[in-house]
Amino acid sequence: MARKTETAGQADPLAPVTLAVGQEDLLLDRAVQQVVAAARAADADTDVRDLTPDQLVPGTLAELTSPSLFAERKVVVVRNAQDLSADTVKDVKAYLAAPAEEITLVLLHAGGAKGKGLLDAARKAGAREVACPKMTKPADRLSFVRSEFRTVGRSATPEACQALVDAIGSDLRELASAVSQLVADVEGAIDEAVVGRYYTGRAEASSFTVADRAVEGRAAEALEALRWSLATGVAPVMITSALAQGVRAIGKLSSARGGRPADLARELGMPPWKIDRVRQQMRGWTPDGVAAALRAVAEADAGVKGGGDDPEYALEKAVVTIARAARARRG
């Protein structure tokens, strides 16, 4: 069967096997989310199992994919499939030869030489493939921003897209979040002037405002911005994304060698203005604080994506934990 490589937004997400190949976390997550959404649209009670290589030991896949008395639909996600043990790879290859009905297997693979045997086997078996490459070139990021606007049916001028890439930098999650915020907050066409106004103090409701206040240890202001954001329709997943980006930026800069903002910007993939801002924000942080904040963000992310009953509470809890972590050194 001929192999067809797709982008993360294309059709047929309920193919027996989906192979998401690349190292861009946002695109890998979207590939998983697309499959899960399609499965739950077909069966709201779909069981989703999201596994790391250490959780998928020999025999586990057979157990997860064995016929069920209730014939339930299931999605089995295997992350970092290139790191699976040799015995587990044998299990996966055997499964690829005869995939079970009502089960969708999603293999996330970094590509490259490591674990290439599994990659080749999945392709030979006719797996639906989704390309998730790192976007290292500015032109690729510009195309990504344009695509984000097109996907939601909004118009943005080429100058506006370029201004957004220039302002945000190389983080694809942050670019996607910025597009979502502009679409939510701005009516009509989005041009360069709109982007300029937005990033010079507009939008108290933006998820970036929530993240900035949280990583600065200003819990009350962060909670106020959070409630305003939710009230004005900002998607909870965009807020968790902004929180993650804010904490990761603290962690990156705190572990980087000193230097001029321009040098650090090249090293860390951030615009120089952001280096200066993060330097101001990181004063109260410790390595333990960063770790605690990242755990809080992960819990909130699970909460807003269906792992909890109250996304708003999950976000509030994360904001408070992050703000407390930001004051660890001051305390």
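A salt bridge is taken here as a side-chain nitrogen of Lys or Arg lying within 4 Å of a carboxyl oxygen of Asp or Glu. By this criterion, 14 salt bridges are counted. The structure is a predicted model, in which local features need pLDDT of at least 70 and side-chain atom pairs count only at pLDDT 80 or more, whereas totals for chains, interfaces and linings use all residues. Residues are numbered from 1 along each chain as its sequence is written, and side-chain values use heavy atoms, with hydrogens and water left out.

Individual salt bridges are described next, together with the cover of their partners. Residues are termed buried under 20% relative accessible area, exposed over 50%, and partly exposed in between (1.4 Å probe, protein chains only); the areas come from the Shrake-Rupley method, and for residues only the protein chains shown count as cover. Helices (H or I, at least four residues) and strands (E, at least two) are DSSP runs, numbered from the N terminus.

The side chains of K134 and E24 form a salt bridge with an N to O distance of 3.9 Å. K134 belongs to the loop between β6 (128-131) and α5 (138-151), and E24 to the loop between β2 (17-21) and α1 (25-42), so this pair ties together parts that are 110 residues apart in sequence. The two partners are covered as follows: K134 is partly exposed because its relative accessible area is 46%, while E24, at 8% relative accessibility, is buried.

A salt bridge within a helix is provided by K116 and D120, whose closest N and O atoms are 2.9 Å apart. Both residues belong to α4 (residues 116-124), and because they are 4 residues apart in this helix, about one helical turn separates them. K116 has a relative accessibility of 41% and is therefore partly exposed; D120, with a relative accessible area of 34%, is also partly exposed.

In the pair R218 and E216, the closest N and O atoms of the salt bridge are 2.7 Å apart. R218 is partly exposed at 35% relative accessibility, and E216 is buried with a relative accessible area of 16%. Elsewhere, D29, D50, R79 and R173 are joined into one network by salt bridges that share partners.

Helices α6 and α7 were examined for buried positions. In α6 (residues 158-168), the buried residues are A160, C161, A163, L164, V165, A167 and I168. Just after α6, G169 adopts a positive phi of about 100°. Helix α7 (172-185) has 14 residues, of which 11 are buried, so this helix is largely enclosed by the rest of the structure. The buried residues of α7 are L172, R173, E174, L175, A176, S177, A178, V179, Q181, L182 and D185. The expected span of a helix is 1.5 Å times one less than its number of residues. For the 14 residues of α7 this gives 20 Å, in agreement with the 20 Å between its end C-alpha atoms.

A negative surface patch is formed by E159, D166, D191 and E192. Patches consist of residues with over 30% relative accessible area and no salt bridge, like charges being joined within 9 Å and nonpolar side chains (Val, Leu, Ile, Met, Phe, Trp, Tyr) within 5 Å. Lys and Arg count as positive and Asp and Glu as negative, with His and the chain ends not counted; the place of a charge is taken as NZ of Lys, CZ of Arg, CG of Asp or CD of Glu. Within this patch, D191 is located in the loop between α7 (172-185) and α8 (192-198), and its relative accessibility of 31% makes it partly exposed. The C-alpha atoms of D191 and P158 are 8.0 Å apart, although 33 residues separate them along the chain.

Backbone angles were also considered. Most residues other than glycine have a negative phi. N80, however, has a positive phi near 50°; this residue lies in the loop between β4 (74-78) and α3 (86-97) and is partly exposed at 40% relative accessibility. For E102, phi is likewise positive, near 65°. E102 occupies the loop between α3 and β5 (103-109), and with a relative accessibility of 36% it is partly exposed.

A further pair separated along the chain involves S254 of helix α11 (residues 236-255). The C-alpha atoms of S254 and R283 are 9.4 Å apart, the two residues being 29 residues apart along the chain. S254 is partly exposed, its relative accessibility being 43%.

Terms used: Areas by Shrake-Rupley, 256 points an atom, 1.4 Å probe, with all protein chains shown as cover.
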